[in-house]
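Let's take a friendly walk through this structure, one side-chain contact at a time. Keep the viewer open and follow along.

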Amino acid sequence: DVTEIEEKEAQAKQEEQIMKEQELSNLLHEKRYLKALGLAISLDRPHTVLTVVKAILKEPDGRKHLEENIVRLRKDQKEAVLAFLVTWNTNSRNCHEAQAVMETLLKHEAPDTLLQFSGVKSAVESLLPYT
């Protein structure tokens with residue numbers, strides 16, 4: 001019977017999730033946006049990534065800070081953000097943040113690099129009607 005082992009594993013995962021949520025909250029409070037972005041992306045939380053982006057844009061010189069943070073993300077993280085911003089862009093409340101992130105990606109990534117991103121074709125197709 002492995003029920004007890006599975007329950008312990010589930011509880012450990014839940015505790016780890018709570019710890020990461022608390023860490024994310026602390027990072028946002030401390031305005032450590034790059035780590036907050038990385039953690040939110042690793043947790044696969046598009047809404048949390050959007051919250052971080054909004055917090056960055058509220059700062060003085062927010063666009064510049066957003067660029068600095070997005071540029072420093074790894075390729076896989078940028079791919080995830082691209083997938084997230086497709087969804088954000090379909091909502092008028094979040095489209096400005098989506099456009100700001102997209103602008104940063106287009107400015108700082110070479111077209112050949114962007115074409116290497118996984119899911120870029122479907123992302124572009126989804127972005128065109130709303131952009």
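A salt bridge here is a side-chain nitrogen of Lys or Arg within 4 Å of a carboxyl oxygen of Asp or Glu. With that in hand, look at glutamate 79 and lysine 75: their closest N and O atoms are 3.2 Å apart, so the two form a salt bridge. Please keep in mind that this is a predicted model.

Where do these two partners sit relative to each other in helix H5? They are 4 residues apart in that helix, which means that about one helical turn separates glutamate 79 from lysine 75. Are the two buried or partly exposed? Glutamate 79 has a relative accessible area of 16% and is buried, because buried means under 20%. Lysine 75, with 42%, is partly exposed.

Stay in helix H5, which covers residues 75-89, for a contact of another kind. A pair of aromatic rings is described by the distance of the centres and the angle of the planes. The count comes to 1 aromatic pair in this model. Phenylalanine 84 and tryptophan 88 form this pair, with 6.5 Å from centre to centre and 40 degrees between the planes, which makes it tilted. Both residues lie in helix H5, 4 residues apart, or about one turn of the helix. Phenylalanine 84 is buried at a relative accessible area of 7%, and tryptophan 88 is buried as well, at 4%.

Back to charged side chains: how many salt bridges does the model hold? The count comes to 13. One of them joins lysine 31 and glutamate 59, with 3.3 Å from N to O. Lysine 31 lies in the loop between helix H1 (3-29) and helix H2 (33-42), while glutamate 59 lies in the loop between helix H3 (46-58) and helix H4 (62-71), so this pair ties together parts that are 28 residues apart in sequence. Lysine 31 is partly exposed, with a relative accessible area of 48%, and glutamate 59 counts as partly exposed too, at 22%.

Further along the chain, helix H8 (residues 120-127) holds glutamate 125 and lysine 121, 4 residues apart and thus separated by about one helical turn. Their closest N and O atoms are 3.8 Å apart, and the two form a salt bridge. Glutamate 125 is partly exposed at 48% relative accessible area, whereas lysine 121 is exposed at 63%.

For a last stop, select Arg63, Glu67, Glu103 and Lys107, which are linked in a network of salt bridges.

Technical notes: Residues are numbered from 1 along each chain as its sequence is written. This is a predicted model: local features need pLDDT of at least 70, side-chain atom pairs count only at pLDDT 80 or more; totals for chains, interfaces and linings use all residues. Side-chain values use heavy atoms; hydrogens and water are left out. Rings of Phe, Tyr and Trp (its six-membered ring) pair if their centres lie within 6.5 Å; planes under 30 degrees apart count as stacked, over 60 as edge-to-face and the rest as tilted. Helices (H or I, at least four residues) and strands (E, at least two) are DSSP runs, numbered from the N terminus. Buried means under 20% relative accessible area, exposed over 50%, partly exposed in between (1.4 Å probe, protein chains only).
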